[in-house]
Amino acid sequence: MIYEFRTYTTVPGKATELARHSAEVGRAIRGDDHGKLEGYWVTEIGPLNQVMHLWSFEDLNHRAEVKARLAANRAWNEEYLPLARPLMVRQDNRLMVAAKPLVAPEGTGNIYEYRYYRCKVGRTAGFAKGLVAAMEHREKYSRNVCIWVTEAGQPNEVSHMWAYGDFNERARARAAAAADTGWSSFVTGGPDNLEEMYSAILVPWSHSPLQ
């Protein structure tokens, strides 16, 4: 399974308009016949004016096949792209493999945190393995959605996603995890493995399967 995480930066103030066009026009055209939509979000905290959407494919050959079909889809080219393209100023893309399987959170109305870490060269696989092992401590306080290792787009990167009922639940979970010796023993090794750390708080849009 290959995951594709696409980030579109829009003209200031236009992220929600792009998300609306995706939900009302693009989703019906694309469906899950051109890759399976796993989630679609608008950034709330972190980089602003962005939509982020996650797709899954059987493998790289499957991705190439369905994207070629989409590129030739008349409705996609004539109905959706003319609405979407004028709103975009930048596109970024990650192709990722899951180090821990994707598990949807229980319930709806969640906010999501997507954290992505740039590892020191040669440390990516070891850091990802350690992060997966440390979930027995961290998931006492909130559930992990997935852990990925980036294959293309951003080298030496590990990313992970979390779901919370609201900002207060996130604050409580992170405070409790910080006090957990099992989790903190993993976290203290971060400076030995990481170059950079980023975080974005995401709000799911209406057509996002992950809610």
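A residue counts as buried when its relative accessible area is under 20%, and as exposed when that area is over 50%. Keep those two cut-offs in mind as we walk through this predicted model, starting with the whole chain and then stopping at a few individual residues.

Let's begin with the overall picture. The protein chain is built from seven helices and eight strands. Its C-alpha atoms fit in a box of roughly 55 × 35 × 30 Å along the principal axes. The radius of gyration is 18 Å, which agrees with the value near 17 Å that a compact globule of 211 residues would have. By the cut-off above, 46% of the 211 residues are buried. The chain also brings distant stretches of sequence together: among contacts with a separation of 6 or more, 80% are between residues 24 or more positions apart.

The strands give the structure its main architectural feature. Eight of them form a closed barrel in the order 1-3-2-8-5-7-6-4, with antiparallel pairing. From one strand to the next, the twist averages 35°. You can trace part of this barrel through strand 8 (residues 194-204), which pairs with strand 2 (residues 36-45) in the antiparallel sense over four bridges. Here W41 has P204 of strand 8 as its bridge partner. Strand 8 is also joined to strand 5 (residues 111-119), again antiparallel, by eight bridges. Within strand 8, M197 is the residue that stands opposite Y117.

Y117 leads us on to helix 4, where F127 is located. These two residues are 10 positions apart in sequence, and their C-alpha atoms are 9.9 Å apart in space. F127 has a relative accessibility of 5%, so it counts as buried. Leaving aside residues up to four places away in sequence, F127 touches Y117, C119, V158, F186, N193 and L194.

Just beyond helix 4 comes the loop that leads to strand 6, and this loop holds S142. S142 also has a relative accessible area of 5%, which is why it is classed as buried. The side chain of S142 makes a polar contact of 2.7 Å with the side chain of R138. Beyond its sequence neighbors up to four places away, S142 touches W162, Y164 and A173.

Now for the charged side chains. Side chains of opposite charge can pair when their charged atoms come close. The model contains 14 salt bridges, and a few of them are worth a visit. In one, the side chains of K100 and E139 meet with an N to O distance of 3.8 Å. K100 belongs to strand 4 (residues 88-100), while E139 sits in the loop between helix 4 (124-138) and strand 6 (144-152), so this pair ties together parts that are 39 residues apart in sequence. Is this pair buried or exposed? Both K100 and E139 are buried. Salt bridges with shared partners also link E4, R6 and R63 into one network. Returning to K100, we find that this residue stands opposite I147 in strand 6. Strands 4 and 6 run antiparallel and are joined by five bridges.

A second salt bridge has a helical setting. E78 pairs with R74, and the closest N and O atoms are 3.1 Å apart. Both residues are in helix 3 (residues 74-84); because they are four residues apart, about one helical turn separates them. R74 is exposed, with a relative accessible area of 62%. A third salt bridge brings R90 and D92 together, at 2.7 Å from N to O.

Our last stop is Y8, a residue of strand 1 (residues 2-10). Its relative accessibility is 10%, so Y8 counts as buried. The side chain of Y8 is joined to that of R6 by a polar contact of 2.8 Å, and R6 is a member of the salt-bridge network with E4 and R63. Setting aside residues up to four places away in sequence, Y8 touches L18, N49, Q50, V51, H53, M88, R90 and Q91. One of these, N49, is 41 residues from Y8 along the chain, yet the two C-alpha atoms are separated by 8.3 Å. Another is R90, which you have already met as the salt-bridge partner of D92.

Methods:
Residues are numbered from 1 along each chain as its sequence is written. This is a predicted model: local features need pLDDT of at least 70, side-chain atom pairs count only at pLDDT 80 or more; totals for chains, interfaces and linings use all residues. Side-chain values use heavy atoms; hydrogens and water are left out. A salt bridge is a side-chain nitrogen of Lys or Arg within 4 Å of a carboxyl oxygen of Asp or Glu. Helices (H or I, at least four residues) and strands (E, at least two) are DSSP runs, numbered from the N terminus. Buried means under 20% relative accessible area, exposed over 50%, partly exposed in between (1.4 Å probe, protein chains only). Contact means heavy atoms within 4.5 Å. A polar contact is a pair of N or O atoms within 3.5 Å; within protein, one must be able to donate a hydrogen and the other to accept it, and residues adjacent in sequence count only if both atoms are side-chain atoms. Two strands pair if DSSP finds at least two bridges between them. Axes are lines fitted to C-alpha atoms, for helices over the stretch in contact, and angles run from 0 to 180 degrees between N-to-C directions. The radius of gyration is taken over C-alpha atoms; the globule rule is 2.2 Å times the number of residues to the power 0.38.
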